[in-house]
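Okay, thanks everyone, let me get the picture up on the screen. I'll keep this short and walk through a few spots.

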Amino acid sequence: MVLTGAEIVIRCLQEEKVEHVFGYPGGAVLFIYDALFQQEQVRHVLVRHEQAAVHAADGYARSTQKVGVALVTSGPGATNAVTGIATAFCDSIPMVIISGQVPTAAIGQDAFQEVDTVGITRPCVKHNFLVKDVRDIAVTMKKAFYLAKSGRPGPVLVDIPKDVSMHRCEFEYPKEISMRSYNPVVKGHQGQIRKAVQLLLEAKRPMIYTGGGVVLADAAESLTRLTRLLGCPITNTLMGLGGYPASDRQYLGMPGMHGTFEANMAMQYSDVLLAVGARFDDRVIGSPEHFAEEPRKIIHIDIDPSSISKRVRVDIPIVGDVREVLDEMIRQIESGEARPDREALAAWWKQVEAWRARECMVFKNSDDIIKPQFVIQKLWEVTGGEAIVTSDVGQHQMWAAQYYRFDQPRRWLNSGGLGTMGVGLPYAMGAKLANPDRQVACVTGEGSIQMNIQELSTCRQFRLPIKVCLLNNGYLGMVRQWQELFHGGRYSESYMDSLPDFAALARAYGHVGIRVDKPADVEGALREAFTTHKDELVFLDFQVDPTENVYPMVQGGKGLTEMILSAEDL
Amino acid sequence: MRHVISLLIENESGALSRVSGLFSARGYNIESLTVAPTEDASMSRMTIVTTGSDEIIEQITKQLNKLVEVVKVVDISEAAHIERELLLAKVRATGKDREEIKRTADIFRARIIDVTDVSYVIELTGNQAKLDAFLDALDPALILETVRSGICGIGRGDRILKL
């Protein structure tokens, strides 16, 4: 069948079973939008800013196993998309971004709305393509989807000049694709796995530390089985929350800069540390030198060899798909004779429980002023711990991660790597479209929400009943916290004056807006949002304590165990 | 430590900038980088001379392997190998200098490949040290212009980098 390049693009999306595309039209993608208009299988979600298109597609991908798709025009469309692409890249999210480009003859002529999109995005994509011939579109799209979801996932950009989308050729979608230069390892090395299992079974103080890789590989069930078999404590990083049920006794909470005392102590003083789909990030282990001071053996499972021994020397590296490797470990343990050392484990748990008894997550509640942690606790109660929670970046993000106990993967969506403010609302849009029957809450701050607040309009157009929980403290809270602790209380530009009346603003967009000032009203407002206004977007503006800080805290560059547990430690 | 990394990469536009971009983005050194298509025109071969600790070199090879278009990466300096670089030097050659330069070129087994009544262009291949030594042997005042190709490298014996 002879089709135009634009029609081929859409046919490829259909072949890949894409249901939603997030985008914004413009000159260079007019043919593609025309082809989109003439079919019904792929639904387009018109955002209000290209950054949000990419974030929404990213949130869509995070909350499912699917590849998120965004469509933007050339020039400013592409540059606006860059923050979204970099955000997805840092967290290894499978996405395909289609960008329009000026006609091939105009490339390099400084044409209207021309930028070197492939050049600009090169450092923040898994791979990108400029399609110069209509006959290459189908195979390029096939490659893009394959690259995005295989191996260590990531965003792939396909740049299509306007004339290429207009030209015609025979369409045939390749059934399979193979690239001689790209062969990600799936199965882990048997010998390495055997060594790892032996080490874990002989360990006196074993500890499991897992990251976003477990979520991306859909390995949560396997991880839970292995953790129960080993009987040892486990921690999930910010990106890995929900990889293991947070309400389970073996779970110690999140590690790292704002992690729990028990998780950080157990990371530091374990004798065998099993790292799964995690990368010993600076926000997780603090100073690598301090971390390396304690002797311990490290087993590291990751699909990406370059993540292994990057920041921390590893004793047993295992490259492979996390789920495949975990399943093989389970198989070897179950078919073998050896079992974990019960006595050693009992002693280790005694130590861990002593750390846990410090109750580092307890906060002083108040009857007069709303504590942000209290809002998250109530959100957890009201949603039965079952909601998909998205967040932006800052204090509210940490409180959401600390106090909403995620028992399932793909329920917690945040920008962990790049730390992009403004992702929360578009993530919620993507998640709600992908999971229409699930409650979706966006926990945000008054700084972050304003970075993509225009998307309230998109939410209205597509009737997305998201519950926005704004923890409004009038400050760029995390900046203010660092200024308070490390910059002599000089609050340089961290106070935001002239904030809008958010509840009224939400109403102006056609949504429900509720302002909450008193602790006694928090639960009622949340219940109202999730029941009375179940099918509407509700914007809850919680006026929270502006002086509250996130604890525990490991100061940047300090060791993992050099923690400030509460304001009293200062 | 100095390392010589050879790699095969798909001969696609932008491939070179993916490699050079990787080095600049991650703060790795490039002492020299050469690239040209192989006998299979769909692939190019690159030789990169870099320096770094063992950990950094390990990361460099892993990161290069991670590039989607990179087919194979080998640190050829890990074992016996040969390095060659090409030097073209334009020198002022007048009067008694003409004979002296010719003699020096002969000692280094260099060839004079362009002659005018006032200048020579000399071609010399060898490892970096040999090229340095040749330039040192010339009177700096006579050197008008030089260009070096950067290192090409290949493993000795049965060490073969091929698809």
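Before I point at anything, one bit of vocabulary: when I say two strands pair, I mean that DSSP finds at least two bridges between them. And keep in mind that this is a predicted model.

So, strand E11 of chain A, residues 272-276. Who sits across from whom here? On one side we have strand E9 of chain A, residues 206-210, which pairs with E11(A) in the parallel sense over 5 bridges. If you want one rung to look at, take A:Met207, whose bridge partner in E11(A) is A:Leu273. E11(A) is also joined by 5 bridges to strand E12 of chain A, residues 297-302, and those two run parallel. There, the residue to click on is A:Ala275, which stands opposite A:His300 in E12(A).

Now, is E11(A) buried or exposed? Mostly covered: 5 of its 5 residues are buried. Both faces are covered, with A:Val272, A:Leu274 and A:Val276 on one side, and A:Leu273 and A:Ala275 on the other.

Next, helix H4 of chain A, residues 76-90. I checked the length, because 15 residues at 1.5 Å each should span 21 Å, and the end C-alpha atoms are 22 Å apart, which agrees. There is a kink, though, of about 35°, centred on A:Val82. A:Val82 is also one of the buried residues of this helix, and among the others are A:Gly77, A:Ile85 and A:Phe89. In total 11 of the 15 residues of H4(A) are buried, so the helix is largely enclosed by the rest of the structure.

What do those buried residues pack against? Two helices of chain A, H3 (50-62) and H5 (117-121), plus strands E4 (68-72), E5 (95-101) and E7 (155-161) of chain A. Just past the helix, have a look at A:Ser92, which follows H4(A) and has a positive phi, near 55°.

Last stop, the contact between the chains. Chain B puts in 16 residues and chain A puts in 13. On the side of chain B that touches chain A, the elements giving two or more residues are helix H1 (15-25), helix H2 (54-66) and strand E4 (70-75) of chain B. Which of them gives the most? That's H2(B), with 5 residues. By class, that side of chain B has 5 nonpolar, 5 polar and 6 charged residues.

That's my tour, happy to rotate the view.

Notes. Residues numbered from 1 in each chain as written. Chains lettered and ligands numbered in written order. Predicted model: local features only at pLDDT ≥ 70, side-chain atom pairs only at ≥ 80, totals over all residues. Helix = DSSP H or I, 4+ residues; strand = E, 2+ residues; numbered from the N terminus. Expected span 1.5 Å × (residues − 1). Bend = angle between axes of the 7 residues up to and from the residue. Buried ≥ 20, exposed ≤ 12 C-beta atoms within 10 Å, placed from the backbone. Contact = placed C-beta atoms within 7 Å. Nonpolar A, V, L, I, M, F, W, Y, C, P; charged D, E, K, R; others polar.
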